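Biologist: Could you pick a single part of this model and take me through it closely, residue by residue? I would like to know how the pieces there fit together.

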Amino acid sequence: MSDIFNNELFEAFGSASDNVYIYVCDMKTDISRWSKAAVDYFGLSGEYLEDAANVWGRHVHPDDLKIYMDDITGVFSGQKKYHDCQYRARNASGGYVWVECKGSVIRDAKGEPIIFAGLMTRIDGQSKYDTLTGLLTTHEMHYFDFSSQPGIALLIGLDGFRKIVSNYGYNVGDEILIKFSREINKLCKPGWKVLRFSGDEFLVIAFASNLEEAEGFYGRVCQETDIVKLEDGRKVGISISAGGALFPQDADTREILINKLEHSLEYAKNNQRGSLVFFSEEIARRHERGLVLREDLKQCIKNGFKGFELYFQPFINPNAGTIAGCECLLRWKGERIKDSYPMEFIKVLEDYGDIQEAGFWVMEQAIRQQAAWRDKYGELKISFNVSYQQFIDDAFEEKAISCVKKYGVNPNYIIIELTESCQVEAPKELAAIFGRLREQGFRIALDDFGTAYASMEMLKWLPVDYIKVEHSFIRELAQPGHDIDYVIVDSLMEMCRRLGYHSIIEGVENSKVADIVGGLNATLLQGYHYSVPVCRKDFEKLLDEDRIMSLSLEV
Ligand code: C2E
Ligand code: CA
């Protein structure tokens, strides 16, 4: 056997890395030697191969074979100085990975090729280290055996990271990720591993002995990272949530573990922001329900919105005590899930890009209903809810305008409520949309006003007609110890008066609260005290009774 193979250097280089592989070929005998890592990773028959160009050729992706063959024959014939090309190669598990293959030929005095040697680097994006944070990548998980040594895995995600990036820019986003990863690394015990899982998610594989130890670790991460100091001296407040799972109890393979961690993190973000939530059957059940909801909602939209229905909750004119209009609230019954509330299914519609379509349906039904009631009940003020995401859809304004035209409705009687104003990322653009809609005659309301600082901030930017006071200030107004709520609501009413806004007080649940808010000069009142949201037929009954009552008062 040729000396070129019996070289300790070959072994030393060959074992230096597990994603760079070396090979050397005696071109006289056409026998080559491949490093042990290459044999294992690509599933070669052994370290020594005969006719390697063809044997290896069978590992090359068929679509890339020509590139590989052209390059290698060019080098052997002397047309090309170096072998240098990238292609996909099949590994031991049958998948293809991208490799960069480089090599050169050594020739004898007569110019005959005697040795071909080179290296192959895996560039399949599964590199061992993350280029931004320097942490291990998830590829590393292939090497853990989750079935033997017990431990706890935590998937930690930054809350609202997209918003941080949109507020501060990509560079700050990167700086936060780097600093955050360093902090977690510092807090880990020896032997624990931290991996960059995805953009803003980090996986900690903790060989912790109990849940308390993992919870203690998570608590310290929260404490140490709640404020990130940037290089330029600015400070950014961040919050995190985490999902946890035990191995091997909850999961003994990489796939199952990732699955359970992702579900637990999703649950934490949606229901217990800021907390570490361990996987449970309840989480699995909720996740399953989420999947069914998603499918059923898509199906329902495809079937011409079958299963959707509008409910109506009256707006009361506080002076006359009569029904001045209503808020239209979406209800939905799926094929399999019949008890989903708007808070749940609207979030699913929003998260999966269906809220626009569903929202147009709501808008059309609401406007159509306003027209349908006009002859019998006069002009009613009809409102419907629209999220920021819906407003900024290019088609929204046009649809709203064409819809009032189609049904011959005066847009002065249509109130469009902006829900969750705290999610407004581009207030100037939204202000322009509001401006144009108001020019057309539509009325705009800021919903749930007073809950977030953002509400006040929004008022400075957005031209609106109505403020809807969030019901948490109202519901318990009559109970002892809620004087502060009264002061807040009273001040909001004063603010509306001075700034020329109309107001709607919602959440009026009983007669005591009704008496209190009755003296606050709100434009409209709304709440269970007057009526819960009801279906069209029941709302028409309310309107009938209301009209009979007001007629008898007039007499
Ligand atoms: P919201 O706009 O704040 O709607 C008012 C919610 O308060 C309604 O819940 C209503 O049933 C409830 N409510 C009314 N009076 C009272 C009361 O006196 N006390 C209490 N505790 N609650 C009262 P609902 O119908 O479950 O709607 C929840 C949320 O779903 C709405 O909150 C709104 O943000 C959203 N939503 C409903 N329909 C639509 C829609 O068509 N599009 C969009 N984007 N969001 C909608
Ligand atoms: Ca609303």
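Modeller: Happily; what follows is a walk around the calcium site, the strands that carry it and the ligand beside it.

This is a predicted model, in which local features need pLDDT of at least 70 and side-chain atom pairs count only at pLDDT 80 or more, while totals for chains, interfaces and linings use all residues. Residues are numbered from 1 along each chain as its sequence is written, chains are lettered from A and ligands numbered from 1 in the order in which they are written, and side-chain values use heavy atoms, with hydrogens and water left out.

Let's begin with the metal. Four residues coordinate the calcium ion (ligand 2): Glu 327 through OE, Asn 385 through OD1, Glu 417 through OE and Asp 447 through OD, at 2.2 to 2.4 Å. Donors here are N, O and S atoms within 2.8 Å of the metal, or 3.2 Å for Na, K and Ca; water is not among the atoms, so sites may look incomplete. Along the chain, the donors are spaced as E-x57-N-x31-E-x29-D. Distant parts of the chain are linked by one pair: Asn 385 in strand β17 (residues 381–387) and Asp 447 in strand β19 (residues 443–449) are 62 residues apart. Strands (E, at least two residues) and helices (H or I, at least four) are DSSP runs, numbered from the N terminus.

How enclosed are these two donors? Asp 447 is buried, at a relative accessible area of 6%, whereas Asn 385 is partly exposed, at 22%. Buried means under 20% relative accessible area, exposed over 50%, and partly exposed in between, with a 1.4 Å probe and protein chains only. Strand β19 also holds Asp 448, which has a positive phi of about 50° although it is not a glycine. Most residues other than glycine have a negative phi. The relative accessible area of Asp 448 is 24%, so this residue counts as partly exposed.

Now for strand β16 (residues 322–332). Eleven of its eleven residues are buried, so the strand is largely enclosed by the rest of the structure. On one hand, β16 pairs with strand β15 (residues 308–317) in the antiparallel sense, over ten bridges; two strands count as paired if DSSP finds at least two bridges between them. Within this pairing, Leu 330 of β16 faces Leu 310. Four residues separate β15 and β16 in a hairpin, and Gly 321 in the turn has a positive phi of about 70°. On the other hand, β16 runs parallel to β17, joined by four bridges. There, the donor Glu 327 has Ser 383 of β17 as its bridge partner.

That brings us to ligand 1. There are 23 residues around it, and those that come nearest are Gln 313, Arg 331, Asp 447, Glu 509 and Tyr 528; a residue is near a molecule if one of its heavy atoms lies within 4 Å of it. Asp 447 therefore has a place both among the donors of the calcium ion and among the nearest residues around ligand 1, and it is buried.

Several polar atoms lie beside the ligand. The side chain of Glu 327 has an N or O atom 3.2 Å from an oxygen atom of ligand 1, and for the side chain of Asn 385 the distance from an N or O atom to an oxygen of the ligand is 3.0 Å. The backbone takes part too: a polar backbone atom of Leu 330 is 3.1 Å from a nitrogen atom of ligand 1. A polar contact is a pair of N or O atoms within 3.5 Å; within protein, one must be able to donate a hydrogen and the other to accept it, and residues adjacent in sequence count only if both atoms are side-chain atoms.

Taken alone, ligand 1 exposes 790 Å², and the protein buries 90% of that; accessible areas come from the Shrake-Rupley method with a 1.4 Å probe, and for residues only the protein chains shown count as cover. Two or more residues of the shell come from each of β16, α10 (342–351) and β19, and β16 gives the largest share, four residues. By type, the shell holds nine nonpolar, seven polar and seven charged residues. In that division, Ala, Val, Leu, Ile, Met, Phe, Trp, Tyr, Cys and Pro count as nonpolar, Asp, Glu, Lys and Arg as charged, and the others, Gly among them, as polar.
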